[in-house]
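Please open the model in a viewer and follow the stops below in order. Each stop gives a selection and then describes what is found there.

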Amino acid sequence: MLIKSLSAKGFLLLTFSTVFVGTIVAQEKKSQDRLVSDAAIETKIDVLIKKLTMEEKIGMLHANSIFGTAGVERLGIPGLMTDDGPLGVREDIKEGWASANLTTDSATFFPNGSAIAATWNPTLAYRYGHDLGEESKARKKNIILAPAFNIARTPLCGRTYEYYSEDPYLNTRLAVQAVEGIQSQNVAACVKHFAVNNQEVERGRINVEVDERALREIYLPAFKAAITEGNAWTIMSAYNKLRGAYCSENSYLLQKILKGEWGFKGAVISDWGGTHSTVNAANNGLDVEMGSDPPYNNYYFAAKLLDSVKAGKVSIKAIDEKVRRILWVIYHTSLSDKFTDGKINTPEHSKTAYDIASESIVLLKNDRHLLPLNLSAIKSIAVIGDNATRTFHLGGFGAGVKARYEVTALAGLQNRLGNKVTINFAQGYSGVFKQTGPNINDETSKADPAMIQEAVAAAKKSDVAILFIGGNRDYESESRDRRDLGLPFGEQDLVDAVTAANPNTIIVVVGGAPYDIGKIKQNNHAIVWSWYNGCENGNALADVLTGKINPSGKLPFTFPASLGQSPAHALNAYPGNDFNVKYKEGILVGYRWFDTKRIEPLYPFGYGLSYTTFDYTDLTTDKKTYKKGDVVQVALKVKNNGQVSGKETIQLYVSKPHSVVLRPEKELKAFAKVPVDANGTARVSMKFNVSDLAYFDETGKKWVTEPGDYKILAGSSSRDIRLLTTIHVTR
Ligand code: BGC
């Protein structure tokens with residue numbers, strides 16, 4: 001992508017070719033260097049494999065602590081030291097998942113996956129990965145269990161907040177950058193969860209039946225790119241089954257696709273406790289068995305694996321291949337001379353967290369221009385809601401971070417407004433959530449009339465009320481899905497009462513997944529969407545609310561008007577019966593379904609407002625007719641109509657009229673986020689390959705680029721298409 005910033009003063013001229021040629025030369029140099037060092041690594045591995053005993057080899061293939069495996073001291077081979085991911089480097093844990101109670105394991109809390117996705121900014125995904133890698137290294141972890149990017153198939157999935165998006169292309173661009181960022185530090189990314197881990201209900205038993213086209217077009221692209229472009233060194237197999245076989249012993253997934261088609265050279269690591277057999281798993285592609293509970297010698301890949309080798313059920317060659325893969329990871333990480341001391345909790349890492357947070361916040365509605373806050377007229381603000389004082393680095397089941405600090409929304413507003421404005425705080429509701437088991441969220445606490453009264457009083461005596469509601473990290477969690485899209489903790493009652501008390505009520509919803517905010521959209525005039533937004537959460541929010549930051553986040557998934565609109569729910573294809581779930585919607589996931597079926601969502605994919613507006617003009621392509629193998633260069637101009645600078649994400653969708661197969665109404669094929677000065681114009685160029693227009697042919701089992709006309713649509717969201725042009729692809 002190349003951006004030319006045009007100001008009123010004139011065009012800033014840059015030649016496309018120079019930039020592209022320069023990039024290609026640098027890439028070629030990098031891959032040549034890699035070939036040389038990879039060959040040297042292979043030689044070292046050959047030598048080591050000859051020296052290792054079978055017992056030592058088997059010792060390397062399974063956990064010997066919650067997050068580690070054994071090395072071989074006599075040969076100088078270190079064990080694998082993993083840690084969660086993705087929110088930051090998790091605190092050290094003892095057996096039984098209790099905290100190790102160290103004072104040296106705090107880390108930076110980075111924004112959650114859907115926040116990163118809402119930035120639509122791959123550069124920020126890279127910076128996130130880079131800093132996470134640097135922190136992992138400082139904590140002596142050579143594998144970080146991140147990023148996670150399963151497709152948001154249902155808005156209810158408890159891990160939607162950890163994942164990125166409902167769209168494979170947005171997923172892909174972010175995943176590749178996050179992986180490259182992490183691995184730039186010689187720490188291995190562990191991309192997860194491979195594959196189709198799209199619900200938490202019965203995740204350990206559920207069998208996913210998905211057609212090949214949807215698998216290839218929707219669920220696998222980001223994994224494929226993370227391996228083939230991002231060169232990820234490890235991958236985590238998912239808990240669930242795909243077409244009858246657990247992902248940890250799924251030969252189709254691990255042997256044919258991952259190691260065969262994609263040429264993966266690293267190690268497949270099981271999810272914790274997600275291994276179910278010795279011989280099957282060993283022969284079908286799993287390399288390392290991880291789990292939480294000792295005794296580790298009882299693991300499938302411990303004594304039982306040794307017995308299976310002795311019995312000839314697993315070949316020595318298969319074991320050597322696994323060891324080779326592990327050594328491959330180790331040589332790129334802990335045995336690399338670039339595996340230095342790393343850095344942790346630095347101001348630069350906080351800045352990354354802040355930049356992601358500030359670009360992720362989505363302005364959903366502002367029809368009376370209550371935002372940005374007019375600080376020359378406002379003397380008092382009611383800050384209401386449990387989420388104004390709650391932190392999000394820990395909570396629920398699964399990975400969190402022992403954050404060195406986290407700025408809450410209230411603290412952020414206090415930091416930024418100082419004593420210029422009186423802040424009247426009221427808690428409004430209690431966000432305490434208790435869960436008794438896995439699968440589906442239990443009941444939450446209800447509205448509390450006394451708390452609502454207190455909030456109403458605060459709102460009445462203030463010029464403006466800002467209400468912080470939404471989910472929290474206990475409510476959205478790994479191992480269970482939400483029961484429905486409803487706002488928890490009786491929040492709607494609070495919203496109604498406060499809005500009635502003060503018409504200048506601004507709603508800030510904090511959540512990692514869609515919620516039903518239909519009534520709020522109807523009744524309120526200013527709605528801001530925020531996320532579990534890292535250690536700088538409150539500062540970023542305050543800067544957006546006060547206008548220091550012009551919001552530029554866009555939704556990474558569709559917000560349905562009701563759950564029944566969503567494809568998996570409309571087709572009664574969630575959470576499955578008898579531990580089987582059939583993905584009946586096929587390729588029509590997310591906006592692909594809403595657009596093709598002409599269903600009006602509450603907020604569409606890619607939606608987000610700014611404090612200014614942008615006009616799009618002059619959409620062109622470098623040619624009108626393309627052949628297979630060509631690259632399509634698309635250019636347009638974006639004008640900022642307002643008095644404030646801002647960033648706009650231009651989304652390029654492609655639509656194939658009269659296709660021989662079912663096609664979604666449109667599909668995202670490129671995007672660019674560009675800064676545009678007040679009253680300025682930016683020229684934006686984007687590109688995609690003609691091969692990106694292909695569909696996966698179920699019968700021929702191959703990608704097919706259909707000849708004919710394709711519409712290129714440039715939009716500010718998936719439902720706000722501003723410009724259109726047509727290209728032709730020849731036979
Ligand atoms: C999660 C993984 C995580 C692992 C280790 C599992 O329950 O699914 O994402 O990396 O635990 O904590």
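Two strands are taken to pair if DSSP finds at least two bridges between them. The model shown is predicted.

**Stop 1: strand β22 and its partners**

Select residues 631-640, which form strand β22. Seven of these 10 residues are buried, so the strand is largely enclosed by the rest of the structure. Next, add residues 681-689, strand β25: nine bridges join β25 to β22, and the two run antiparallel. Within this pairing, Ser-685 of β25 stands opposite Ala-635. Then add strand β20, residues 614-621, which pairs with β22 in the antiparallel sense over six bridges. Ala-635 of β22 serves here as the bridge partner of Thr-620.

**Stop 2: strand β12**

Move to residues 380-384, strand β12. Is this strand mostly covered or mostly open? It is mostly covered, with five of its five residues buried. In a regular strand, side chains alternate between the two faces of the sheet. On β12, Ser-380, Ala-382 and Ile-384 occupy one side, Ile-381 and Val-383 the other, and both faces are covered.

Which residues stand across from Val-383 in the neighbouring strands? In β13 the residue opposite Val-383 is Phe-425, and in β15 its bridge partner is Ile-466. Display β13 as residues 422-426; its pairing with β12 is parallel and comprises five bridges. Display β15 as residues 464-470; four bridges connect β15 to β12, again in parallel.

Now add helix α13, residues 409-417, which together with β12 and β13 makes a right-handed β-α-β unit.

**Stop 3: the loop after β12**

Select Ala-388, located in the loop between β12 and α13. Why does Ala-388 count as buried? Its relative accessibility is 0%, and the cut-off for a buried residue is under 20%. For a distance check, pick the C-alpha atoms of Ala-388 and Leu-375: they are 20 Å apart in space, with the residues 13 apart in sequence.

**Stop 4: a four-stranded open sheet**

Show strands β9, β8, β6 and β19, which in that order form an open sheet with mixed pairing. At its edges are β9 (245-246) and β19 (580-582), each of which pairs on one side only. Further in, β6 (residues 207-209) and β8 (residues 241-242) run parallel and are joined by two bridges. Label Asn-207 and Lys-241 to see one pair of bridge partners, the latter in β8.

**Stop 5: the second largest pocket**

Select Arg-90, Trp-97, Phe-397, Gly-398 and Glu-478, the residues nearest the centre of the second largest pocket among the 20 that line it. The space in this pocket comes to about 340 Å³. Its lining has nine nonpolar, four polar and seven charged residues. Colouring by domain is useful here: domain 1 (43-332) and domain 2 (353-551) each contribute at least three residues to the lining.

**Stop 6: the largest cavity**

How many cavities of 30 Å³ or more are found in the whole structure? The search finds five. For the largest of them, with a volume of about 100 Å³, select Ala-152, Pro-155, Glu-166, Thr-558 and Ser-566, which of its 14 lining residues are the closest to the centre. By class, the lining divides into seven nonpolar, five polar and two charged residues.

Technical notes:
Residues are numbered from 1 along each chain as its sequence is written. This is a predicted model: local features need pLDDT of at least 70, side-chain atom pairs count only at pLDDT 80 or more; totals for chains, interfaces and linings use all residues. Side-chain values use heavy atoms; hydrogens and water are left out. Buried means under 20% relative accessible area, exposed over 50%, partly exposed in between (1.4 Å probe, protein chains only). A crossover is right-handed if, with the strands pointing away from the viewer, the path from the first strand over the helix to the second runs clockwise. On a 1 Å grid over the protein atoms alone, a cavity is a set of points where a 1.4 Å probe fits but cannot get out, and a pocket is an open set with protein on both sides within 12 Å along at least five of seven lines; lining residues have an atom within 4 Å of a point. Grid points are joined across faces, edges and corners, and a volume is the space filled by probe spheres set on the points. Ala, Val, Leu, Ile, Met, Phe, Trp, Tyr, Cys and Pro count as nonpolar, Asp, Glu, Lys and Arg as charged, and the others, Gly among them, as polar. Domain bounds come from an automatic or database domain assignment.
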